[in-house]
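Trainee: Please take a close look at one part of this model, the place where its domains meet. Which residues and charged pairs make up that contact, and how do they relate to the salt bridges elsewhere in the chain?

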Amino acid sequence: MSDFQRARSPEQVEARREAILDVAEQLMTESSVDEISMRELARRVGLSASNVARYFPTREAVYLEVLDRARGAWLDSLTLNGDLPEVAATLAASLAARPVLCELISVLANVLERNVSAEIAREYKLRSAKHNARTADLLRTALPGLSPEAAQELSAAIFVFTAGLWPLAHPNEAVREAIKDPRLSGSRVDFEDRLRRIVIVLVTGYRAGS
């Protein structure tokens with residue numbers, strides 16, 4: 001670890017950044033983002049918090065990078081084939097299988113973008129726009145009848161609905177206990193099924209309006 005800590009070359013710096021991101025992502029399998037501190041992240045990496053801050057000035061900056069990396073990995077793995085129900089099912093299942101990505105999407109606006117500089121926010125937004133465009137291209141190829149504008153809107157809508165549905169489908173322990181009440185059956189959200197149905201409704205509407 002001592003040699004690693006003396007990183008000087010661009011390759012060593014990039015290796016350090018990737019190691020920090022790997023640990024940050026691993027921590028999300030143990031705790032929610034709002035429970036992870038910069039101090040704990042640094043401890044798990046094997047560095048001081050001030051050393052981690054040389055690469056990422058805040059915890060939020062770390063997790064914006066984790067989100068960006070996770071979206072890229074999701075798109076790299078995504079193959080959309082078949083008719084609309086099949087495409088919608090594939091999309092929903094692929095996101096449901098990536099809880100780190102979905103949780104980060106769900107806390108983007110109220111956590112991750114709250115403690116970063118304008119420069120970091122701008123760089124993230126520019127990369128996010130590229131992910132949105134790439135998603136739209138995949139959707140338009142898989143779903144004949146979508147205009148470029150509709151594909152862009154659908155891409156953005158999938159992101160927004162993921163942000164909203166994920167926390168509803170994964171409530172805290174008290175809420176999970178509360179919604180066992182039969183009178184609250186409508187409050188139970190199956191993320192994958194709900195997102196699948198939303199995609200079908202949206203695409204059907206876009207096609208009807210074209």
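Mentor: The domain assignment of the protein chain gives domain 1, residues 7–56, and domain 2, residues 59–209. The model is a predicted one. Taken over C-alpha atoms, the centres of domain 1 and domain 2 are 25 Å apart. Domain 1 brings 16 residues to the contact, and domain 2 brings 13.

The extent of the interface may be considered next. The size of an interface is often given as the accessible area lost when the parts come together. Between domain 1 and domain 2, about 1,300 Å² is buried, and carbon and sulfur atoms account for 66% of this area. On the side of domain 1, Leu21, Met28 and Val33 provide 41% of the area buried against domain 2, more than any other three residues.

Polar and charged pairs also cross this boundary. Four salt bridges are counted between domain 1 and domain 2, and eight residue pairs are in polar contact there, with both residues at pLDDT 80 or more. Two helices, H2 (10–27) and H3 (38–45), each supply at least two residues of the side of domain 1 that touches domain 2. Of these helices, H2 gives the largest share of that side, with eight residues. Sorted by class, the side of domain 1 that touches domain 2 comprises 10 nonpolar residues, one polar residue and five charged residues.

Arg69 deserves individual attention. Its side chain meets that of Glu25 in a salt bridge with an N to O distance of 3.2 Å. The side chain of Arg69 also forms a salt bridge with Asp22, at 3.0 Å from N to O. Asp22 belongs to helix H2 and Arg69 to helix H5 (residues 59–77), so this pair ties together parts that lie 47 residues apart in sequence. With a relative accessibility of 43%, Asp22 counts as partly exposed; Arg69, at 24%, also counts as partly exposed.

Helix H5 carries further charged residues that pair with helix H9. Asp68 forms a salt bridge with Arg127, and their closest N and O atoms are 3.1 Å apart. Because Asp68 lies in helix H5 and Arg127 in helix H9 (residues 118–142), the pair ties together parts that are 59 residues apart in sequence. Asp68 is buried, at a relative accessible area of 13%, whereas Arg127 is partly exposed, at 25%.

A further pair links these two helices: the side chains of Asp76 and Arg134 meet in a salt bridge at 2.6 Å, N to O. Asp76 is located in helix H5 and Arg134 in helix H9, so parts 58 residues apart in sequence are tied together by this pair. Asp76 counts as exposed, at 58% relative accessibility, while Arg134 is partly exposed, with a relative accessible area of 34%. Salt bridges that share partners also join Arg17, Glu65, Asp68 and Arg127 into one network.

For the wider setting, a search of the whole structure finds 16 salt bridges, and the count between domain 1 and domain 2 is four. In summary, the contact buries about 1,300 Å², 66% of it on carbon and sulfur atoms, and H2 supplies the largest share of the side of domain 1 that touches domain 2.

Technical notes:
Residues numbered from 1 in each chain as written. Predicted model: local features only at pLDDT ≥ 70, side-chain atom pairs only at ≥ 80, totals over all residues. Heavy atoms only, no water. Domains from an automatic or database assignment. Contact = heavy atoms within 4.5 Å. Buried area = accessible area lost by both parts, 1.4 Å probe. Polar contact = N/O pair within 3.5 Å; in protein donor to acceptor, adjacent residues only side chain to side chain. Helix = DSSP H or I, 4+ residues; strand = E, 2+ residues; numbered from the N terminus. Nonpolar A, V, L, I, M, F, W, Y, C, P; charged D, E, K, R; others polar. Buried < 20%, exposed > 50% of the residue type's maximum accessible area, 1.4 Å probe, protein only.
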